[in-house]
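Student: I would like to learn how to read a structure feature by feature. Please take one topic at a time.

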Amino acid sequence: MSAPEPGAGRGVVGRFAPSPTGAMHLGNARTALLAWLHTRAQGGRHLLRFEDLDTGRVRDWAYDTTRRDLSWLGLDWDAEYVQSRRLEHYAAALARLDTYPCTCTRREVLAAIEDSAGAPHGEEPVYPGTCRAGTAHPGRPAALRWRVPDRVVCARDARSSQELCQDLPREVGDFVLRRGDGVYAYHLAVVADDAEMGVTDVVRGADLWPATPRQVALQGALGYATPRYWHMPLMTDYRGERLAKRGGASPVSALREAGERPEQVLGELARSLGWGVPGEVTAAELVEVYRGWAF
């Protein structure tokens, strides 16, 4: 990986964007640590953004618990945003895109793909365009799908130097930007937020890498700059499975409330990345270690 250009850290804006759907577990904490280290290693501005558009899954207590956990670990932030308070920004971005209403359910989309001999599809179902010429089921609540341009879009991961290219109509399809219940889609919201907040560097889990080209495509259609992306390895349990809230991963708050030392937790997180650090270490002490690892 090449070193950043001289002065590249000036104006760097990074972010950590948790979903307040439960307590933050150690996998979340490691991503938060890496995002914070990345920003601070370059002397940048760091944001905390709660991605809470799916209100049915949000837990009111999770906002403050997340703030407490981050502060306990020594991961500060320079500004805070809450997506549910920014709906007008997503509406404005949506209005600038070529969309159409779609009343198909996921089950109907899957059935249509199975019925279409040779229908192209990748790792996830590719919408076959059932409602492009008009809604298939008038009267149902309609989602809004983006009529994707006929082009190949590529994304680059700065950590691995890998490039991922996707043929939008054939490998991605017209994807939903606003659900039938009015909830804005993650891809639209994150693209609008990163652009309007001036985010230059995105450090996030490797599970989001396959979705990056569609975000790059939206950025291009909306005239937004594309941030630099670093996709980090996910933390796994003893079975090699990804840590997840739904899987009952131990929450950071439990360690905090049990009287564990944050320096010990940070040391364990750092060593899980293969870093040779003492048993206890502060976030500030890890900044130089990160510089040598990432750049």
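**Reading the features**

Tutor: The S-S torsion of Cys154 and Cys165 is about 105 degrees, so this disulfide is right-handed. Keep in mind that the model is a predicted one.

Student: What is a disulfide in general, and how far apart are the sulfur atoms of Cys154 and Cys165?

Tutor: A disulfide is a covalent bond between two cysteine sulfur atoms. In this case the sulfur atoms of Cys154 and Cys165 lie 2.0 Å apart. The cut-off for calling a disulfide is 2.5 Å, and by this rule the count comes to one disulfide.

Student: Which strands hold Cys154 and Cys165?

Tutor: Cys154 is in strand E6 (residues 152–156) and Cys165 in strand E7 (residues 163–167). The two cysteines are 11 residues apart, and the pair links distant parts of the chain.

Student: How accessible is Cys154, and how accessible is Cys165?

Tutor: Cys154 has a relative accessibility of 32%, so it counts as partly exposed. Cys165 has a relative accessible area of 35% and is therefore partly exposed.

Student: Which cysteine sulfur is nearest to that of Cys102, and why is Cys104 not bonded to its closest cysteine?

Tutor: Cys102 is in no disulfide; its nearest cysteine sulfur belongs to Cys131, 3.8 Å away. The closest cysteine sulfur to that of Cys104 is also in Cys131, at 3.6 Å, which is too far for a bond. As for burial, Cys102 has 2% relative accessibility, so it counts as buried. Cys104 is buried with a relative accessible area of 16%.

Student: Next, helix packing. How are two packed helices described?

Tutor: Two numbers serve: the angle between the axes and the distance between them. For helix H1 (residues 26–41) and helix H10 (residues 287–294), the angle is about 90 degrees and the axes are 9 Å apart. H1 and H10 are therefore roughly perpendicular to each other.

Student: Which residues make the contact between H1 and H10?

Tutor: H1 contributes Leu34, Trp36, Leu37, His38, Arg40 and Ala41, while H10 contributes Val287, Tyr290, Arg291 and Trp293. By class, the contact of H1 with H10 has seven nonpolar residues, one polar and two charged.

Student: What are the angle and axis distance for H3 and H6?

Tutor: Helix H3 (residues 87–95) packs against helix H6 (residues 186–196) at about 105 degrees, with the axes 10 Å apart. The range for roughly perpendicular is 65 to 115 degrees, and H3 is therefore roughly perpendicular to H6. On the H3 side the contact is made by His89, Tyr90, Ala93 and Leu94; on the H6 side, by Leu188, Ala189, Ala192, Asp193 and Glu196. The residues of the contact of H3 with H6 divide into six nonpolar, one polar and two charged.

Student: Is helix H7 largely enclosed or left open by the rest of the structure?

Tutor: Nine of the 11 residues of H7 (residues 212–222) are buried, so the helix is largely enclosed by the rest of the structure. Among the buried residues of H7 are Thr212, Arg214, Gln215 and Leu222. After H7 comes Gly223, which has a positive phi near 75 degrees.

Student: Now sheets. How do strands pair, and in what order do E1, E2 and E3 stand?

Tutor: Strands of a sheet are joined by backbone hydrogen bonds, in either a parallel or an antiparallel way. One open sheet has three strands in the order E1-E2-E3, with parallel pairing. Strand E1 (13–16) and strand E3 (79–82) are at the edges with a single partner strand each, so one side of each has no neighbour in the sheet. From one strand to the next the twist averages 30 degrees.

Student: How many bridges join E1 to E2, and which helix packs on the sheet?

Tutor: E1 and strand E2 (residues 45–50) run parallel and are joined by four bridges. Leu48 in E2 is the bridge partner of Phe16. Helix H2 (residues 60–73) packs on this sheet and touches E1, E2 and E3; the direction of H2 makes about 150 degrees with that of E2.

Student: Is the pairing in the sheet of E4, E5 and E8 parallel or antiparallel?

Tutor: That open sheet, in the order E4-E5-E8, is antiparallel. Its edge strands are E4 (99–102) and E8 (176–178), each pairing on one side only. Neighbouring strands here are turned by 45 degrees against each other on average, direction ignored. Two bridges join strand E5 (residues 143–146) to E8, and Arg145 stands opposite Val176 in E8.

Technical notes. Residues are numbered from 1 along each chain as its sequence is written. This is a predicted model: local features need pLDDT of at least 70, side-chain atom pairs count only at pLDDT 80 or more; totals for chains, interfaces and linings use all residues. Side-chain values use heavy atoms; hydrogens and water are left out. Axes are lines fitted to C-alpha atoms, for helices over the stretch in contact, and angles run from 0 to 180 degrees between N-to-C directions. Angles under 35 degrees count as roughly parallel, over 145 as roughly antiparallel, 65 to 115 as roughly perpendicular and the rest as oblique. Contact means heavy atoms within 4.5 Å. Ala, Val, Leu, Ile, Met, Phe, Trp, Tyr, Cys and Pro count as nonpolar, Asp, Glu, Lys and Arg as charged, and the others, Gly among them, as polar. Buried means under 20% relative accessible area, exposed over 50%, partly exposed in between (1.4 Å probe, protein chains only). Two strands pair if DSSP finds at least two bridges between them.
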